[in-house]
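The following exercises concern the packing of secondary-structure elements in one protein model. Each task is followed by a solution in steps.

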Amino acid sequence: MDTIKHIEDKIKLLLVMQGYDKKEIRFKNSSGGRILQYGYWKYLDSEDMIYIQDNANVILIPREWEDEDTGNLVGYEIKVK
């Protein structure tokens, strides 16, 4: 089975291949597991999410919340298929 580090490396590679900035891709711990963050909690394109899910054998679950100062924020919970 793939380790989470291997999966995260693959997700990062796939995002870079889709044109995302490598320096803006981060992974964090959360109460639900691991979260993918792009930039300052920016949204990913829905087609890019499907591309990642199909090629990294994961499910990305958007987790959204509102910040009083900056507005809507989103991170993506990573679930291994």
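**Exercise 1: The first helix**

The buried residues of H1 pack against S1, S2, H2, S3 and S4, packing being contact between heavy atoms within 4.5 Å. The model is predicted: local features need pLDDT of at least 70, side-chain atom pairs count only at pLDDT 80 or more, and totals for chains, interfaces and linings use all residues. Residues are numbered from 1 along each chain as its sequence is written, and side-chain values use heavy atoms, with hydrogens and water left out.

Task: Determine which residues of H1 are buried and why they lie on the same side of H1.

Step 1. Fix the terms. Helices (H or I, at least four residues) and strands (E, at least two) are DSSP runs numbered from the N terminus. Buried means under 20% relative accessible area, exposed over 50%, and partly exposed in between, with a 1.4 Å probe and protein chains only.

Step 2. List the residues. Ile 7, Glu 8, Ile 11, Leu 14 and Leu 15 of H1 are buried. They cover an arc of only 125 degrees around the axis, and therefore lie on the same side of H1; the arc is that of the directions from the helix axis to the C-beta atoms.

Step 3. Inspect the other face. Lys 5 and Met 17 are exposed on the face of H1 turned away from its buried side. Just after H1, Gly 19 takes a positive phi of about 100 degrees.

**Exercise 2: The sheet**

Task: Establish the order of the strands in the sheet, and which strands stand at its edges.

Step 1. Read the order. The open sheet has 4 strands in the order S1-S2-S4-S3, with antiparallel pairing; two strands pair if DSSP finds at least two bridges between them.

Step 2. Find the edges. Strand S1 (25-30) and strand S3 (58-67) each have a single partner strand, so one side of each is left without a neighbour in the sheet.

Step 3. Check the pairing. S3 and strand S4 (residues 71-80) run antiparallel and are joined by 10 bridges. Within S4, Asn 72 is the bridge partner of Glu 66, and Val 80 is that of Val 58. A hairpin of 3 residues joins S3 to S4. S2 and S4, also antiparallel, are joined by 3 bridges, and Leu 36 has Tyr 76 of S4 as its bridge partner.
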